[in-house]
Amino acid sequence: MLERTNFERYERYAMIEENEAMAERYMMDDAEICVVAFGIASRVAKNAIVEARKAGIKVGLIRPITLWPFPSKALAKAAEKCHSFISVELSMGQMIEDVRLAISCKRPVSLCSRAGGIIPSPEEV
């Protein structure tokens, strides 16, 4: 009985992951570096991306709208052409593990994080 329930839940979770994961793509069409950030950190990241683009750096953003389910497919697709990722977080680096899993560790993932209510500057990103 419990095993059947577990299989049913697994199927339901797989359906949710397939249909409900959401992410915003920002300047990703030609990006070689992908920044992953959500919430306030994504606003800072967008400013950093605009400045980096002015300097000729091809960088874009994937902003997870849902953290569960995590938008793994969007990141996996980005890993096909981006050579590196930066996880920008207002935490101790919890999302970086999700990013690494989503891209199957195919590319390096760096961490830019601040904690305790401190928001990173665009220059830090």
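**View 1. E89 stands opposite S113 of strand β5.** The model is predicted. This close-up follows the pairing of two strands. Strand β4 covers residues 84–89. Its pairing with β5 is parallel and runs over five bridges.

**View 2. Five strands form an open sheet with mixed pairing.** The strand order is β1-β3-β2-β4-β5. The edges are held by β1 (23–26) and β5 (109–113). Each edge strand has a single partner, so one side of each is left without a neighbour in the sheet. From one strand to the next, the twist averages 20 degrees.

**View 3. Helix α2 packs on the sheet.** This helix spans residues 40–54. Helix α2 touches β1, β2 (33–37), β3 (59–64) and β4. The direction of α2 makes about 165 degrees with that of β3.

**View 4. Helix α4 lies across four strands: β2, β3, β4 and β5.** Residues 94–102 make up α4. The helix runs at about 150 degrees to β4. Both α2 and α4 thus have β2, β3 and β4 among the strands they meet.

**View 5. I40, L90 and I119 make a nonpolar surface patch.** The patch measures about 250 Å². One of its members, I40, is found in helix α2. I40 is partly exposed, with a relative accessible area of 48%. Patch residues must have over 30% relative accessible area, so I40 meets that cut-off at 48%.

Key: Residues numbered from 1 in each chain as written. Predicted model: local features only at pLDDT ≥ 70, side-chain atom pairs only at ≥ 80, totals over all residues. Heavy atoms only, no water. Patch = residues over 30% accessible without salt bridge, like charges linked within 9 Å, V, L, I, M, F, W, Y side chains within 5 Å. Areas by Shrake-Rupley, 256 points an atom, 1.4 Å probe, with all protein chains shown as cover. Salt bridge = Lys/Arg side-chain N within 4 Å of Asp/Glu carboxyl O. Helix = DSSP H or I, 4+ residues; strand = E, 2+ residues; numbered from the N terminus. Buried < 20%, exposed > 50% of the residue type's maximum accessible area, 1.4 Å probe, protein only. Pairing = 2+ DSSP bridges. Axes fitted to C-alpha atoms, helices over the stretch in contact; angles between N-to-C directions. Contact = heavy atoms within 4.5 Å.
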